[in-house]
Amino acid sequence: ETVKIASPEEAVRVYEDMYGKGGMLKKTTLRFIELDYAVLERDKELKAVPVWLLNTVTETDETNGYVQYDTTAIDAETLQILTQ
């Protein structure tokens, strides 16, 4: 079965739309993005679904230089944010 997947740029836009409100992304840097697969339930079956994984680092404390690393999964077919 052939599926159309969104581009990595589209996935980044979805991420920015969700988390960019209120200046949340001011101190966040995208480290890398990669296409992977996640097993999700679709049509009452488990299927391997393409997902974009966005790995980010956010500066949480300027004084001490603390950072937080996160990975956000975005469904590459529907552009729905699955995790953060």
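A polar contact is a pair of N or O atoms within 3.5 Å; within protein, one must be able to donate a hydrogen and the other to accept it, and residues adjacent in sequence count only if both atoms are side-chain atoms. In this structure, such a contact of 2.9 Å joins the side chains of T58 and T28. Please keep in mind that this is a predicted model, where local features need pLDDT of at least 70, side-chain atom pairs count only at pLDDT 80 or more, and totals for chains, interfaces and linings use all residues. Residues are numbered from 1 along each chain as its sequence is written, and side-chain values use heavy atoms, with hydrogens and water left out.

**Overall layout**

- The chain has one helix and four strands, and from the N terminus on they run α-β-β-β-β; helices (H or I, at least four residues) and strands (E, at least two) are DSSP runs, numbered from the N terminus.
- Along its principal axes, the C-alpha trace spans about 50 × 20 × 20 Å.
- Of the 84 residues in the chain, 27% are buried (buried means under 20% relative accessible area, exposed over 50%, partly exposed in between, with a 1.4 Å probe and protein chains only).
- Looking at contacts (heavy atoms within 4.5 Å) between residues at least 6 apart in sequence, 43% join residues at least 24 apart.

**The T28–T58 pair**

- T28 lies in strand β1, residues 28–42, while T58 belongs to strand β2.
- T28 counts as buried because its relative accessibility is 18%, and T58 is buried with a relative accessible area of 18%.
- Leaving aside residues up to four places away in sequence, T28 touches Y15, T56, V57 and T58.
- With the same sequence neighbours left out, T58 touches K27, T28, Y66, V67 and Q68.
- The C-alpha atoms of T58 and Y15 are 14 Å apart in space, and the two residues are 43 apart in sequence.

**The nonpolar core**

- The largest nonpolar core holds nine residues: A11, V12, V14, Y15, Y19, W52, L54, I74 and A76 (a core is a set of buried Ala, Val, Leu, Ile, Met, Phe, Trp, Tyr and Cys residues joined through side-chain atoms within 4.5 Å).
- Helix α1 (8–19) and strand β2 each supply at least two residues of this core, and α1 gives the most, with five.
- Core member I74 touches ten residues' worth of company that includes A11, V14, Y15, W52 and L54, not counting residues up to four places away in sequence.**The largest pocket**

- The largest pocket has a volume of about 180 Å³ and is lined by E1, V3, R42, D43, K47, A48, V49, P50 and E77.
- A pocket here is an open set of points on a 1 Å grid over the protein atoms alone, where a 1.4 Å probe fits, with protein on both sides within 12 Å along at least five of seven lines; lining residues have an atom within 4 Å of a point.
- Grid points are joined across faces, edges and corners, and the volume is the space filled by probe spheres set on the points.
- Strand β2 (residues 45–61) gives the most to the lining, with four residues.
- The lining has four nonpolar, no polar and five charged residues (Ala, Val, Leu, Ile, Met, Phe, Trp, Tyr, Cys and Pro count as nonpolar, Asp, Glu, Lys and Arg as charged, and the others, Gly among them, as polar).

**Positive phi in two loops**

- D43 is not a glycine, yet has a positive phi of about 55°; D43 lies in the loop between β1 and β2 and is exposed, with a relative accessible area of 70%.
- L79, also not a glycine, has a positive phi of about 60°; L79 sits in the loop between β3 (66–75) and β4 (81–83) and is partly exposed at 24%.
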